[in-house]
Amino acid sequence: MRDDGRRTVTAVGGLTAGCRLGDWEVGAPIGTGGWATVHAGRPAGGSAQTSGEQADVADVALKILSTEGLAPRQARAVAEAARREVELAARARHPRLVRFLDSFTLDRPGDAHLDGAIVLVMERAAGSLRDRLAAGIGPSEGARLVTEICEGLAHLHRSGWVHGDLKPDNVLLMADGSVRLSDFGLATELTATQGTHGYAPPMGTFDYLPPERWKAPLGEHGVRVRPSADIWALGILIHQVFASGATPFPGATPVSRAAAVQEYAEGRTPLRIDTAVPPFWRALISDCLAPTHAARAPHTAENLLARIGRRPAEEGRPQPGQQPGPQPGSHPAGPPPSRPRRKGVRIAAVAASVCAVAVASWAYAERGAGPETPGADRIRVFNEERGCRERTDRVPDCSLGLAIDPHRNYTTDNVVPTRVWHGDVLAVDCRLAQGVPIVDEGGTWSAEWFRIRLPAGSRPATAWLPAVRTKDHPAVPACPRPGSTPSR
Ligand SMILES: Nc1ncnc2c1ncn2[C@@H]1O[C@H](COP(=O)(O)OP(=O)(O)OP(=O)(O)O)[C@@H](O)[C@H]1O
């Protein structure tokens, strides 16, 4: 037995079709996620050799979570995610949740990829909601899918769990079209004492995180998570179902869409629901996307399910002769809704802070204003987002913030009004080795910051560029700790 308590088995053969993992024969690969690869599988030697849970399932999916090349902390996070999946599956069984059949840890010295890998065995789906979105889903089919998603979510919440990563990739569709919620690696159990919230690792998928999550403090047990976070994700997902995959928040990248979420949550922009979404669903989406936890809390999965059950029979179907056009809650003059990338990105909370910086759009920094500053070296801004690197029009979505204080969280309330863009050359006068650590959108991590001299007349006169926002290494002196000497 391994110390995670799962059964240890010896894999037979390499991980190719036909090889054996525990009681299961490996089939063709199905897909790869951020943590795992998933293969088709079936009971080794036919279902007659399996028993109990496994006996009636001929087609399974084998989700293999390898810990190869991971730092011990990351490996522990993977093991913890697997433990959560198994625990939730065992305790909150329901026809709308994917059914788990087996789990075990591989013991395979000599095969770095498989040794220590965790294998989760579950019923196999035919695909996911993500696969269906682009082609467009009709109103009645959309209503059925949303109903079944709500059924699964209502059951999870009743059982005291928050899913934590609800998105189209994690809504599996069986061969008969029925829904199974899956991927419980970020699921959180509500605390026994209060039952209102739980604590989760600071991870999630940008496009589905509620506004409050970006500023949630990271405590010893993780970030606080409440069922209303799933309701926000549900609102995005319902919008996608009825708008061919588009989310209501504009932006070319997950980071810029997250910035649009903040703009909306802070009351600077309205919610823009695609005109293709039928009226009943528009109202439901607005409630799910209420900007605060408090405003969202009354809209529980249970209540939403009841509302869906009571909707008028024809609701949501375009009336004959109806022209597409502005409807309540829609703002056609605004930027088009955006279609997220196929695969979501999981980024730690500190990156969320980076993202939040892009929210405000202020005065443009003068390109090249810095180098003329006497006594300063030069540093060029680098934006990890390729889409922004290719643009030269200095759109607000591609702007980056300079921090006021590199020892405070890198969020909108801690950036100067001057924005910078990829390629800007700034005047730098010193380097701080240890500020708040920042992770950029590509996963690069650094606690280093550079002090930037802003153009003459700026207030404050200096600000801080995180080292992850440049590829330069200027030979500048070490900065005094901010506050110890005047910096402006
Ligand atoms: N039971 C299943 N049946 C069929 N396909 C599945 C099943 N479970 C997962 N998949 C598919 O396998 C792929 C990867 O799975 P999954 O998203 O669960 O991995 P992950 O690493 O946890 O992903 P993420 O990065 O979203 O957390 C996805 O395309 C998903 O649709």
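1. Start with Lys63: leaving aside neighbours within four places in sequence, Lys63 is in contact with Ala36, Val38, Leu120 and Met122. Contact here puts the two C-beta atoms, placed from the backbone, within 7 Å. Bear in mind that this is a predicted model, where local features need pLDDT of at least 70, side-chain atom pairs count only at pLDDT 80 or more, and totals for chains, interfaces and linings use all residues. Residues are numbered from 1 along each chain as its sequence is written.

2. Lys63 is also the residue that UniProt lists for "binding site", in an unreviewed entry. UniProt positions follow the numbering used here, feature names are shortened, and annotations may be inferred rather than shown by experiment. Lys63 sits in strand E5. Lys63 counts as buried because 27 other C-beta atoms lie within 10 Å. For reference, buried takes 20 or more other C-beta atoms within 10 Å of the residue's own, exposed 12 or fewer, and partly exposed is in between, with C-beta atoms placed from the backbone.

3. Next, the strands around that spot. Helices (H or I, at least four residues) and strands (E, at least two) are DSSP runs, numbered from the N terminus. Strands pair if DSSP finds at least two bridges between them. E3 and E4 (residues 37-43) pair antiparallel over 6 bridges, and a hairpin of 4 residues joins E3 to E4. Glu25 has Arg42 in E4 as its bridge partner. E4 then runs antiparallel to E5, with 5 bridges joining them, and Val38 stands opposite Lys63 in E5.

4. On to the ligand. Its surroundings comprise 22 residues, of which Gly31, Gly33, Gly34, Val38 and Ala61 come nearest. A residue is near a molecule or strand if its C-beta atom, placed from the backbone, lies within 6 Å of it. E3 (24-32) and E5 (60-65) each supply at least two residues of the shell, and E3 gives the most, with 3 residues.

5. If you care about the chemistry of that shell, the split is 9 nonpolar, 8 polar and 5 charged. Ala, Val, Leu, Ile, Met, Phe, Trp, Tyr, Cys and Pro count as nonpolar, Asp, Glu, Lys and Arg as charged, and the others, Gly among them, as polar.

6. Elsewhere, there is an open sheet of 3 strands in the order E8-E10-E11, with antiparallel pairing. E8 (127-128) and E11 (179-181) are at the edges with a single partner strand each, so one side of each has no neighbour in the sheet. E10 (residues 171-173) and E11 run antiparallel, joined by 3 bridges; Leu173 has Val179 in E11 as its bridge partner.

7. Helix H3 lies across E10 and E11, at about 35° to E11. Axes here are lines fitted to C-alpha atoms, for helices over the stretch in contact, and angles run from 0 to 180 degrees between N-to-C directions.

8. Gly152 is one residue to look at in H3 (residues 139-158). Gly152 counts as buried because it has 23 C-beta neighbours inside 10 Å. Beyond neighbours within four places in sequence, the contacts of Gly152 are His94, Arg96, Leu97, Val179 and Leu181. Gly152 and Val171 are 19 residues apart in sequence and 9.9 Å apart in space, C-alpha to C-alpha.

9. Finally, the whole protein chain. It has 10 helices and 22 strands, and buried residues make up 46% of its 488 residues. Of the contacts with a separation of 6 or more, 69% involve residues 24 or more positions apart.
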